[in-house]
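Trainee: Could you walk me through reading a protein model, one feature at a time?

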Amino acid sequence: ISYKKVYLTGFAEKDSLRFIEIRNYLIDYKNNYKKNAGMHVVFGDNSKYGDFIKVLDYCLQENVRIYAPYKNNIWISSSRNMKE
């Protein structure tokens, strides 16, 4: 099982579909946690701080409790979020 990797470039026209992909994954992660390890979001050099906040906001809205920001990445583990 591997992490789903999404690369955000910082350009709105390219990233709009990627944000939808991130959002849909987080909405449905409770149903797919046995099939997917989680999501790895990479922020490119042109990404803005607002892009990072947007992903964190998605996590908050979907009650994702455990995520790990590291340098220009966010790792969101599906199975760890399913444990009480």
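Mentor: Happily; we will go from the overall layout to one helix, then the sheet and the aromatic rings. Keep in mind that this is a predicted model.

Trainee: Where do I start? How many helices and strands does the chain have?

Mentor: Start with the inventory and the order of elements. Here the chain has 3 helices and 4 strands, and from the N terminus the elements run β-α-β-α-β-β-α. Of the 84 residues, 39% count as buried.

Trainee: Let me take one helix, H2. What should its 13 residues span?

Mentor: Use the rise of 1.5 Å a residue. For H2, residues 49–61, that gives an expected 18 Å, and the C-alpha atoms at the two ends are 18 Å apart, so the two agree.

Trainee: Which residues of H2 are buried?

Mentor: The general idea comes first: an α-helix has 3.6 residues a turn, so residues three or four places apart point the same way. In H2, the buried residues are Asp51, Val55, Leu56, Tyr58 and Cys59. Looking down the axis of H2, these buried residues fall within an arc of 150 degrees, so they line one face of the helix. Tyr49 and Leu60 are exposed, on the face turned away from the buried side.

Trainee: Is Leu56 buried or exposed, and by what relative accessible area?

Mentor: Buried means under 20% relative accessible area. Leu56, in helix H2, has 18%, so Leu56 counts as buried. Leu56 also lies 9.6 Å from Pro69, C-alpha to C-alpha, with their positions 13 residues apart in sequence.

Trainee: And what follows H2?

Mentor: Look at the backbone angles there. Asn63 follows H2 and has a positive phi, near 60 degrees.

Trainee: Now the sheet. What is the order of its strands?

Mentor: Read a sheet by strand order and pairing. This one is an open sheet of 4 strands in the order S1-S2-S4-S3, with mixed pairing. S1 (3–8) and S3 (68–70) are the edge strands, each with a single partner strand, so each has one side without a neighbour in the sheet. From one strand to the next, the twist averages 15 degrees.

Trainee: In what sense do S3 and S4 pair?

Mentor: S3 pairs with S4 (residues 73–77) in the antiparallel sense, over 3 bridges. In S4, Ile74 is the bridge partner of Pro69.

Trainee: Last, the rings. How many aromatic pairs are there?

Mentor: Check the distance between ring centres, then the angle between planes. The count comes to 4 aromatic pairs. One of them joins Phe19 and Tyr58, edge-to-face, at 6.4 Å centre to centre and 80 degrees between the planes. This pair links distant parts of the chain, with Phe19 in helix H1 (residues 12–32) and Tyr58 in H2, 39 residues apart. Both Phe19 and Tyr58 are buried.

Trainee: Why is the pair of Phe43 and Phe52 edge-to-face?

Mentor: Planes over 60 degrees apart count as edge-to-face. For Phe43 and Phe52 the planes stand at 65 degrees, with ring centres 5.8 Å apart, so the pair is edge-to-face. Phe43 is buried at 6% relative accessibility, whereas Phe52 is partly exposed at 21%. Ring pairs also link Phe43, Tyr49 and Phe52 into a cluster.

Trainee: Which ring does the charged end of Lys54 sit over?

Mentor: For this feature, look at a charge relative to a ring centre. The charged end of Lys54 sits over the ring of Phe19, 4.4 Å from the ring centre.

Conventions: Residues are numbered from 1 along each chain as its sequence is written. This is a predicted model: local features need pLDDT of at least 70, side-chain atom pairs count only at pLDDT 80 or more; totals for chains, interfaces and linings use all residues. Side-chain values use heavy atoms; hydrogens and water are left out. The expected span of a helix is 1.5 Å times one less than its number of residues. Buried means under 20% relative accessible area, exposed over 50%, partly exposed in between (1.4 Å probe, protein chains only). The arc is that of the directions from the helix axis to the C-beta atoms. Two strands pair if DSSP finds at least two bridges between them. Axes are lines fitted to C-alpha atoms, for helices over the stretch in contact, and angles run from 0 to 180 degrees between N-to-C directions. Rings of Phe, Tyr and Trp (its six-membered ring) pair if their centres lie within 6.5 Å; planes under 30 degrees apart count as stacked, over 60 as edge-to-face and the rest as tilted. A charge sits over a ring if NZ of Lys or CZ of Arg is within 6 Å of the ring centre and within 35 degrees of the ring normal.
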